[in-house]
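Hi,

Here is the structure I promised to pass on. Have a look at it first, and then read my notes underneath.

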Amino acid sequence: MRQEFPGRFEVTDVRAPRGSVRLERRARRDAPAVEVLFARVTRHDLPERLDNLAVDTEASDSGFLLRSGAANYHVAARSVQIHEGARIYDRLPLGRFALSQRLLWSLLLWSARYSWGQALIRRLRR
């Protein structure tokens with residue numbers, strides 16, 4: 001399957017143990033942010049910037065194919081993930097919560113991972 005994205009993408013080699021390559025388009029008014037992440041990259045021939053990206057998400061034996069303008073590029077990677085930023089709130093600031101509330105919710109969610117925590121929550125709800 002081929003996915004196409006207009007705009008300019010910046011290419012970043014992430015210095016991870018297995019090596020990753022990230023292509024990122026910043027959010028604009030007319031288009032959300034897009035991030036294309038290749039995991040366990042052994043080699044690639046990508047330049048620093050790409051315009052109007054098309055990604056073939058079906059992996060061949062040698063990796064993934066990309067098209068930018070008239071040029072074709074190859075990324076030898078194990079997998080690809082494409083993340084498109086959602087614009088749910090559209091510039092509305094998210095609510096701030098006190099440290100005590102964040103700690104309380106963290107403690108509640110942590111304890112709910114265990115059977116004793118779930119039993120305690122059920123007992124407190126009665």
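Of the contacts in the chain between residues at least 6 apart in sequence, 47% join residues at least 24 apart. Keep in mind that this is a predicted model.

As for the layout, there are 8 strands and 2 helices, and along the sequence they run β-β-β-β-β-β-β-β-α-α. Buried residues account for 25% of the 126 residues. The chain exposes about 9,700 Å², with carbon and sulfur atoms supplying 52% of that area.

The largest nonpolar core is where I spent some time. It has 19 residues, and the ones with the most contacts inside it are Leu23, Phe38, Leu46, Leu50, Leu53 and Leu66. The elements that each give two or more residues to this core are β1 (2–14), β2 (20–25), β3 (34–39), β5 (49–60), β6 (63–68) and β7 (71–76).

Leu53 is worth clicking on. Setting aside its neighbours within four places in sequence, Leu53 is in contact with Gln3, Glu4, Phe5, Phe9, Leu23, Val36, Leu66 and Arg67. Two of these partners, Leu23 and Leu66, are also on the list of core residues with the most contacts.

Then there is helix α1, covering residues 99–111. Its 13 residues reach 18 Å from the first C-alpha to the last, close to the 18 Å expected at 1.5 Å a residue. How many of the 13 residues in α1 are buried? The count is 1, so this helix is hardly covered.

Cheers

Note on methods
Residues are numbered from 1 along each chain as its sequence is written. This is a predicted model: local features need pLDDT of at least 70, side-chain atom pairs count only at pLDDT 80 or more; totals for chains, interfaces and linings use all residues. Side-chain values use heavy atoms; hydrogens and water are left out. A nonpolar core is a set of buried Ala, Val, Leu, Ile, Met, Phe, Trp, Tyr and Cys residues joined through side-chain atoms within 4.5 Å. Buried means under 20% relative accessible area, exposed over 50%, partly exposed in between (1.4 Å probe, protein chains only). Helices (H or I, at least four residues) and strands (E, at least two) are DSSP runs, numbered from the N terminus. Contact means heavy atoms within 4.5 Å. The expected span of a helix is 1.5 Å times one less than its number of residues. Accessible areas come from the Shrake-Rupley method with a 1.4 Å probe; for residues, only the protein chains shown count as cover.
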